[in-house]
Amino acid sequence: MKEVLPPGLVVLESGHRLVLGGLELPHWGDERYLQGQAKRRSYSLGTLRGRAQEAFACVSTLNGQEVYLELEEVGGNYLAYLYTPQLQSHELLLDRPLFSYAGQSPYLDNLGYIWVRQGCAWATPQGKYASLFQEAQEKAKADGRGLWRP
């Protein structure tokens, strides 16, 4: 993967741009868009600006790294889901689902789930993992992580 662009676009080495499925990231690059998110999601602009920088740090560690890609067609458009080999960070919680690629191990982490669970992104009602991401968001809220930190 070449880079992740807000709000939830990924650019592949091939130059293709894909929309991440099941989540919305705070917009760290466009002040007007961030203002709209703050209003829509009932955050103060200053608070959301800080959370957007945290979300940028959360996802930018993947720039240039190899990821597995799953595409889902929804209404003629494609949603992208990104996976990496199981992350070994102490920050990650053990209650996360693991996936396998074509039945092979090692297990993979769904990065959308991880980002929502860490409070770096909001779950959205789109895509086949919508209920899984919603559960991750509820857990992040209950733990006061990231976007839901007091």
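## A guided tour, starting at a salt bridge

Select Glu-70 and Lys-128 to begin: their side chains meet in a salt bridge, with N to O at 2.4 Å (a salt bridge is a side-chain nitrogen of Lys or Arg within 4 Å of a carboxyl oxygen of Asp or Glu). Glu-70 lies in strand 5 (residues 68-74) and Lys-128 in the loop between strand 9 and helix 4, so the pair ties together parts that are 58 residues apart in sequence. Helices (H or I, at least four residues) and strands (E, at least two) are DSSP runs, numbered from the N terminus. Glu-70 is buried, at 18% relative accessible area, while Lys-128 is partly exposed, at 44%. Here buried means under 20% relative accessible area, exposed over 50%, and partly exposed in between, with a 1.4 Å probe and protein chains only.

Before moving on, note that this is a predicted model, in which local features need pLDDT of at least 70 and side-chain atom pairs count only at pLDDT 80 or more, whereas totals for chains, interfaces and linings use all residues. Residues are numbered from 1 along each chain as its sequence is written, and side-chain values use heavy atoms, leaving out hydrogens and water.

**Zoom out to the whole chain.** Colour by secondary structure and you will find four helices and nine strands. Along the sequence they follow the pattern β-β-β-β-α-α-β-β-β-β-α-β-α. Of the 150 residues in the chain, 45% are buried. Turn on the surface next: the accessible area comes to about 8,000 Å², and 51% of that belongs to carbon and sulfur atoms (areas come from the Shrake-Rupley method with a 1.4 Å probe; for residues, only the protein chains shown count as cover).

**Go inside.** Select Leu-23, Trp-115 and Phe-133, the residues with the most contacts inside the largest nonpolar core, which has 39 residues. Such a core is a set of buried Ala, Val, Leu, Ile, Met, Phe, Trp, Tyr and Cys residues joined through side-chain atoms within 4.5 Å. Among the elements that give two or more residues to this core are helix 1 (31-40), helix 2 (45-60), strand 6 (77-85) and helix 4 (130-143).

Now centre on Trp-115. Which residues is Trp-115 in contact with, leaving aside its neighbours within four places in sequence? Show Leu-20, Leu-23, Cys-58, Val-59, Leu-62, Leu-82, Cys-120 and Ala-121 to see them; contact means heavy atoms within 4.5 Å.

**Back to the charged pairs.** The structure holds seven salt bridges. Select Arg-40 and Glu-24, whose side chains meet in one of them at 2.9 Å, N to O. Arg-40 lies in helix 1 and Glu-24 in strand 4 (residues 23-24), so this pair ties together parts 16 residues apart in sequence. Is Glu-24 buried or exposed? Glu-24 counts as buried at 11% relative accessibility, whereas Arg-40 counts as exposed at 52%.

Next, pick Arg-117 and Asp-143, a salt bridge with its closest N and O atoms 2.8 Å apart. This pair links helix 3, home of Arg-117, to helix 4, home of Asp-143, 26 residues apart. Arg-117 counts as buried at 7%, and Asp-143 as partly exposed at 45%. Then add Arg-41 to your earlier selection: salt bridges that share partners join Glu-24, Arg-40 and Arg-41 into one network.

**Last stop, the surface.** Select Leu-69, Leu-71 and Tyr-78, which form a nonpolar patch with about 270 Å² of accessible area together. Patches are made of residues with over 30% relative accessible area and no salt bridge, with like charges joined within 9 Å and nonpolar side chains (Val, Leu, Ile, Met, Phe, Trp, Tyr) within 5 Å. Tyr-78 is found in strand 6 and is partly exposed, with a relative accessible area of 43%.
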